[in-house]
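Subject: Structure handover

Hello,

Here is the structure I promised to pass on. Please open it first, then read the notes underneath.

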Number of protein chains: 2
Amino acid sequence: MAASINDVAQAVGVSASTVSRALRGKAGVSDDVRSRIVEAAADLGYVASRSASSLAGGRTFTVGVIAPYVGRWFFGTVLDAAEDVLSAAGYDLLLYNLGPREARKRFFAELPVRKRVDALLSLLIPDEAEGLALRSLGVPLATTVGAPRPGFTVVGIDDRAGAQAAVRHLVNLGHRRIGMIAGASGPLHWTAPVERRRAYLDVLAEAGIACDPALEVDGDYTVQGGQRAMTQLLAVPNPPTAVFAQSDEMAMGALRALRLHRLKVPEDISVVGFDDHELSEVVGLTTIAQPVAEQGAEAARLLLNQLDEPGAVRPGHVTMPIRLVLRDTTAPPRNGR
Amino acid sequence: MAASINDVAQAVGVSASTVSRALRGKAGVSDDVRSRIVEAAADLGYVASRSASSLAGGRTFTVGVIAPYVGRWFFGTVLDAAEDVLSAAGYDLLLYNLGPREARKRFFAELPVRKRVDALLSLLIPDEAEGLALRSLGVPLATTVGAPRPGFTVVGIDDRAGAQAAVRHLVNLGHRRIGMIAGASGPLHWTAPVERRRAYLDVLAEAGIACDPALEVDGDYTVQGGQRAMTQLLAVPNPPTAVFAQSDEMAMGALRALRLHRLKVPEDISVVGFDDHELSEVVGLTTIAQPVAEQGAEAARLLLNQLDEPGAVRPGHVTMPIRLVLRDTTAPPRNGR
DNA sequence: CTGTTAGCGCATTCAG
DNA sequence: CTGAATGCGCTAACAG
């Protein structure tokens, strides 16, 4: 059997409470006794049982993270960074993968994190009801995809500004016929697709370009979806000379579709993405870069702050910088059309 | 305060043990009482505290997963699939990100999972000492990257066969000068780099091609590393006409390097990768496909089996199928040389 | 079928 | 500075 606190106490000849205090660095233990305890604990390979200390102390030292599709670069990277911060602070990370519709429903129906976490980081935007459910947990809440929900600390970017930069870049190159591959705006209650679309429309308007609903196609935030969307755009009577994809993954799908159609990028058509996916450099994709790992790390840090000073820290909102990264997929339209 | 088991018991007018039995689906509770308990629990929003039940029951209902770099597609995808299986079975997933060297050291030094998990899934290969440390936990162990360590259930692929297929493909196309971008074999104690290298050498030998150490370059399993490696290969006096990259990420880096050097793929040089990364199709990369998500799911399932029938199930070894996927990055050498 | 009795292993009072 | 007592919320025998 694994050693318990009493084994250590017995070995050193002190009481369990003293061992508890000593090992947690609490004041009120003489240096001599403390060091003997630390040594004995190491000898016996003792670690406090999380279950027992949680039960007794009322804290789980665990942070829950709910994310859709960890396999996607964006979420995986955020998760990765958050884990580093949390584990360095002695917190465990409990992962809930809420990609499949059904998993998500089950999660909010049963709320398995109840009594299991001290704080929660959501990498997806809860809708009203879900946000309410999470708030009922009574723990600090944060999210990294930028929906300003009450009670949540949010770490995000200015989606509107990013999308504006992307579309303006195309306009400045001389494009007048600009398509958009959008992210599904329905199920995830995400603000990004909405904001990015609005930016697209704003920039077109400000450039005096009439928008054409046929040039807006949904790409579902996936490579496959992007490819389908691009194919659809090419079938439009008067196809676009440039396309703004709301994510790099969709942009890559678009590039694939263009290759299959034997169209050259950027000569025949320009493409700009969003995210600066790790592989975007490889394919030379012009895109809007956002600090992905930093968002995860920062969200985790803010959560830890709230844990340290309960009540003192108000849920805040931090906006991370973005920037246009020029690479090889954008150029002026063929004949200045 | 959140409702406790006694609140439910009191509400229904039964004892706490009956509530416990009823809610966990144990036999020995009348249908009538059970349904009243279920209803009351729902009313009160009661969920059992994990800490308390773990402490009392001796099981944590949690599986630990240790992984390097969750942000990488391969690991993220495995993790994703494993989580689905585990959460469907009522288990939580505790994630430990052991990418940074220092995090890894700390993990094995302190072994924070002690008393915290019922089983452990390792997405990295522990070396001897680490394997021993993990075995000392006394819980079912599994790994998905194929190192046959004693005490571990391993789910993997036949790396040798996969690499052989890749290199043979190049040989069959007529290439005689074949380079390899290898994965770092040092720190991670991975068998994949070793096996894949061996396959490379075997196939060259069987084709009567003398191997040239200058054609073996390390790519560190990253895009950047692959790019550097390719650049290095191009600087060799008599550069290769084809390259086998031990991962798709490195292959993509190689493609980038080739593009920068204005070399055409596959006309000037052929490239074959390994993994079938989600974006390989986008860049048209010829590669060896392996079922990534399935490996995570299967490993999780095997762990659950061992949890269900303690002792009965021996750690096993399952090998998943691989296949060569022909796309656009391989062709015969320019002048049949 | 149900209630009673004991802990699970620790953190936290309160004394000393 | 240290020890003894108490309880965190639940599960697992054991009775009945």
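How many residue pairs are in polar contact across the interface of chain B and chain A? The rule finds 24, with both residues at pLDDT 80 or more. A polar contact here is a pair of N or O atoms within 3.5 Å; within protein, one must be able to donate a hydrogen and the other to accept it, and residues adjacent in sequence count only if both atoms are side-chain atoms.

Some ground rules. This is a predicted model, so local features need pLDDT of at least 70, side-chain atom pairs count only at pLDDT 80 or more, and totals for chains, interfaces and linings use all residues. Residues are numbered from 1 along each chain as its sequence is written, chains are lettered from A and ligands numbered from 1 in the order in which they are written, and side-chain values use heavy atoms, with hydrogens and water left out.

The protein interface

Chain B puts 49 residues into the contact and chain A puts in 50 (contact means heavy atoms within 4.5 Å). The buried area is about 4400 Å². That is the accessible area (1.4 Å probe) that the two parts lose on being put together, summed over both. Carbon and sulfur atoms give 52% of it.

Six salt bridges link chain B and chain A. The rule is a side-chain nitrogen of Lys or Arg within 4 Å of a carboxyl oxygen of Asp or Glu. One of them joins Glu281(A) to Arg256(B), with the closest N and O atoms 3.4 Å apart.

On the side of chain B that touches chain A, helix H5 (73-88) gives the most, with nine residues. Helices and strands are DSSP runs numbered from the N terminus (helices are H or I, at least four residues; strands are E, at least two). This side of chain B divides into 22 nonpolar, 12 polar and 15 charged residues. The classes: Ala, Val, Leu, Ile, Met, Phe, Trp, Tyr, Cys and Pro are nonpolar, Asp, Glu, Lys and Arg are charged, and the others, Gly among them, are polar.

Strand E2 (residues 92-97) of chain A pairs with E2(B), antiparallel, over three bridges. Pairing requires at least two DSSP bridges between the strands. Leu93(A) stands opposite Leu95(B).

DNA strand D

There are 27 residues around DNA strand D. Near means a heavy atom within 4 Å. Thr18(A), Ser30(A), Ile5(B), Ser20(B) and Tyr46(B) come nearest. Backbone N or O atoms reach phosphate oxygens of this strand at 2.9 Å from Ser15(A) and at 2.7 Å from Ser30(A). Ser17(B) goes to a base instead: a polar side-chain atom lies 3.5 Å from a base nitrogen. H4(B) gives the largest share of this surface, four residues. By class, the surface has 11 nonpolar, 12 polar and four charged residues.

DNA strand C

Here 26 residues surround the strand. The closest are Ile5(A), Ser20(A), Tyr46(A), Ser17(B) and Ser30(B). Sugar and phosphate account for 67% of the strand C atoms within 4 Å of the protein. Phosphate oxygens lie 2.5 Å from a polar side-chain atom of Ser20(A), 3.3 Å from a polar backbone atom of Ser49(A) and 2.8 Å from a side-chain N or O atom of Thr18(B). H4(A) supplies the largest share, four residues. The classes split into 11 nonpolar, 12 polar and three charged.

Best wishes
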